[in-house]
Amino acid sequence: MNKTTIPIVKNILNANDQIAEENKAFFTNKNILAINVMASPGSGKTSLILKTIEHLSHECNIAVIEGDTAPVTIDADKISELNIPVIQINTGGECHLDALMVRNGFSQLDLTNVDLIIIENVGNLVCPAAFHLGEHFSIVIASIPEGDDKPYKYPNIYRRIQSLILNKIDLQPYVDFDMDYFRKGIEALNPGVSFFPLSCKTDEGFEDWINWLKDKLQDNN
Amino acid sequence: MHELAVTESLLNTASEYAIKNNAQKVISLNITIGDLSNIIGDSVQFYWDMISEETICENSLLVFKRIPAKFLCQACGNDFEIQGELLPCPKCSSMDLKTIRGDEFLLESIEIEKDLEEKE
């Protein structure tokens, strides 16, 4: 027997990245802007998506991909009620969406005339950070009740985003949330990232987020 | 985090290269993990032992090399390695840092056993 070393030097997440690139090319080709929404459970991902639809659906066509670990259609039903094409992907317990799941999802949607596709990732601040889906932009929704230390505890997810939303700012008077400490963490991880403190409940700050999204939609056309 | 998915990907890649190179079996895999990659070697090893059973990689050894994160200070141009996260530039105390290394998860190489006669 003969022992040999075979050099490989391959990024192990490459297979996913390759499919993600194909997804992105597909979206770009069809002039669809794709956004990957990541957050912990309960931060208001679905609320933000619903409210974004409310603000934008009169000027552009939106479709939604919902990632969930369990086969409950609570989130997808809410979006469906707004007559928005939506597909739910059950990850079967898996902690994140990957590019292949997203491809299987969007291939079941009628994307004719769609301008914006919003992908709601599984509620998790760890795993989604490692898996590109083919999005043009990634965003994280943080929220006041989660606490100001999240950038320090889950740094990876904050590093690769283009926009950060801080939801539930209407709760700030009731929660010990040190805004300076939070922002300092964000600035260290992702200097200059677009930052939108807002409340899906009161609508405060929501316009700035919508304007950011409109700019991106315009650039995409 | 998602070590099972990562380990399956590792098995696919290693097996593909082993078969392509006419290996009889895989002896070891050299893997580089960046400190920022959130991948735990022990968990990968745990899944590896299970999923590599009855494959060309059965009983192979995973050899991990961890590499520290490296940052580039955007303010003064200093590049430095650091253990913890979110520490300012040791030279100028700026927090405006760019990650230049540390999120890798690479399969560098595999060691395989080949049948000599077959080769000739």
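Analyst: A helix here is a DSSP run of H or I that spans at least four residues, and helices are numbered from the N terminus. In this predicted model, Ile19(A) sits in such a run, helix 1 of chain A, residues 14–29.

User: Thanks! Why is Ile19(A) called partly exposed?

Analyst: Ile19(A) has 19 other C-beta atoms within 10 Å. A buried residue needs 20 or more, and an exposed one has 12 or fewer. The value falls in between, so Ile19(A) is partly exposed.

User: Which residues is Ile19(A) in contact with, leaving aside its neighbours within four places in sequence?

Analyst: Those are Ala99(A), Leu100(A) and Arg103(A). The word contact applies because the C-beta atoms, placed from the backbone, lie within 7 Å. Lys51(A) makes a nice counterpoint: 32 residues along the chain from Ile19(A), it has its C-alpha atom 30 Å from that of Ile19(A).

User: What makes the buried residues of helix 7 of chain A line one face?

Analyst: In helix 7, residues 179–189, the buried residues are Phe182(A), Gly185(A), Ile186(A), Ala188(A) and Leu189(A). Seen down the helix axis, they fall within an arc of 165°, so they line one face. As general background, an α-helix has 3.6 residues a turn, so residues three or four places apart point the same way. The cover over the buried residues of helix 7 includes helix 5, helix 6, strand 7 and strand 8 of chain A, along with strand 5 of chain B.

User: Why are strand 4 and strand 8 of chain A said to stand at the edges?

Analyst: The open sheet of chain A has seven strands, paired in parallel, in the order 4-3-5-2-6-7-8. Strand 4 and strand 8 each have a single partner strand, so one side of each is left without a neighbour in the sheet. From one strand to the next, the twist averages 20°.

User: How do you know that strand 3 and strand 4 of chain A pair?

Analyst: Pairing takes at least two bridges found by DSSP, and strand 3 (residues 62–68) shares five with strand 4, in the parallel sense. One of the bridge partners in strand 4 is Val86(A), facing Val64(A).

User: And what makes strand 1 of chain A and strand 6 of chain B a pair?

Analyst: By that two-bridge cut-off, their eight bridges qualify, and the sense is antiparallel. Pro7(A), for instance, has Ser109(B) as its bridge partner. Across the chains, 32 residues of chain B are in contact with 26 of chain A. Strand 6 supplies the largest share of chain B's side, ten residues. That side divides into 15 nonpolar, nine polar and eight charged residues.

Conventions:
Residues are numbered from 1 along each chain as its sequence is written. Chains are lettered from A and ligands numbered from 1 in the order in which they are written. This is a predicted model: local features need pLDDT of at least 70, side-chain atom pairs count only at pLDDT 80 or more; totals for chains, interfaces and linings use all residues. Helices (H or I, at least four residues) and strands (E, at least two) are DSSP runs, numbered from the N terminus. Two residues are in contact if their C-beta atoms, placed from the backbone, lie within 7 Å. Ala, Val, Leu, Ile, Met, Phe, Trp, Tyr, Cys and Pro count as nonpolar, Asp, Glu, Lys and Arg as charged, and the others, Gly among them, as polar. The arc is that of the directions from the helix axis to the C-beta atoms. Axes are lines fitted to C-alpha atoms, for helices over the stretch in contact, and angles run from 0 to 180 degrees between N-to-C directions.
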